[in-house]
Amino acid sequence: MTETPAKAAAKDPRLPPRWFIRTFWAIHRVVVRVTGRRFGLWPPKGDRWGTLRLTTIGRHSGKTRLALLGYYEDGPNLVTLAMNGWAEPEPAWWLNLQARPDATVELADGTRKVHGRAAAGEERDRLWSRFQQQDADGRPIEGYAKRRPNGTAVVVLEPRT
């Protein structure tokens with residue numbers, strides 16, 4: 001017996017309205033900027049992800065663009081998801097990073113130059129699994145990810161000299 005769309009949707013985790021998500025991240029950006037990174041950026045700890053501020057160059061404008069992202073560490077690399085608040089379109093920072101992979105990240109303990117790329121194959125599976133384990137607040141990442149029709153890129157930010 002097949003499920004009705006209403007029953008299938010009931011199993012999906014709920015998201016706050018899009019305006020709320022956008023407002024939250026806008027306020028978060030202001031807090032990081034106004035406090036000079038003293039608040040709003042934190043390292044991953046145990047099963048919790050951290051936050052970083054990514055600086056990319058706009059693929060069309062050539063201007064500096066900033067984004068706050070959740071991440072965890074995988075050896076010397078930083079790993080994040082190109083999820084755009086689980087909305088359908090790709091996040092602008094990911095499109096910018098694909099066009100110009102060299103970027104800068106600001107962490108709670110300093111700044112690093114990085115080179116971004118999408119994880120693929122077994123590496124992607126391993127990193128995706130780790131994000132699932134680190135989602136300690138109990139929300140199923142798979143339920144959010146299936147809202148995105150084209151999948152969610154696992155982005156690796158590798159150190160560069």
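## Exercises on salt bridges and strand pairing

The count in this predicted model comes to 6 salt bridges, taking a side-chain nitrogen of Lys or Arg within 4 Å of a carboxyl oxygen of Asp or Glu as the rule.

**Exercise 1.** Determine which parts of the chain the salt bridge between Asp74 and Arg130 ties together, and state whether Asp74 is buried or exposed.

*Solution.* Begin with the contact: the side chains of Asp74 and Arg130 form a salt bridge, with an N to O distance of 3.8 Å. Next, locate the partners. Asp74 belongs to strand β2 (residues 64-74) and Arg130 to helix α4 (residues 121-134), so the bridge ties together parts that are 56 residues apart in sequence. Then consider accessibility. Asp74 has a relative accessible area of 17%; buried means under 20%, so Asp74 is buried. Arg130, at 27%, counts as partly exposed.

**Exercise 2.** Describe the salt bridge between Arg160 and Asp102 and place both residues along the chain.

*Solution.* The closest N and O atoms of Arg160 and Asp102 are 3.8 Å apart. Arg160 lies in the segment after β6 (153-159), whereas Asp102 lies in strand β4 (residues 102-107), so parts 58 residues apart in sequence are tied together. As to accessibility, Arg160 is partly exposed at 28%, and Asp102 is partly exposed at 40%.

**Exercise 3.** Identify the strands linked by the salt bridge between Arg117 and Glu158.

*Solution.* First, the closest N and O atoms of Arg117 and Glu158 are 2.8 Å apart. Second, this pair links distant parts of the chain, with Arg117 in strand β5 (residues 110-118) and Glu158 in strand β6, 41 residues apart. Third, Arg117 is partly exposed, with a relative accessible area of 26%, and Glu158 is partly exposed at 23%.

A further point concerns shared partners: salt bridges join Asp74, Arg126 and Arg130 into one network.

**Exercise 4.** Establish how β2 pairs with β1 and with β3, and describe the turns between them.

*Solution.* Take β1 first. Strand β1 (residues 50-57) runs antiparallel to β2, and 8 bridges join the two. Ile57 has Thr64 in β2 as its bridge partner. The two strands form a hairpin with 6 residues between them, and Gly62 in the turn has a positive phi of about 75°.

Now turn to β3. Strand β3 (residues 77-82) pairs with β2 over 3 bridges, in the antiparallel sense. Here Tyr72 stands opposite Val79 in β3. This hairpin has 2 residues between its strands, and Gly75 in the turn has a positive phi of about 65°.

Note on methods
Residues numbered from 1 in each chain as written. Predicted model: local features only at pLDDT ≥ 70, side-chain atom pairs only at ≥ 80, totals over all residues. Heavy atoms only, no water. Helix = DSSP H or I, 4+ residues; strand = E, 2+ residues; numbered from the N terminus. Buried < 20%, exposed > 50% of the residue type's maximum accessible area, 1.4 Å probe, protein only. Pairing = 2+ DSSP bridges.
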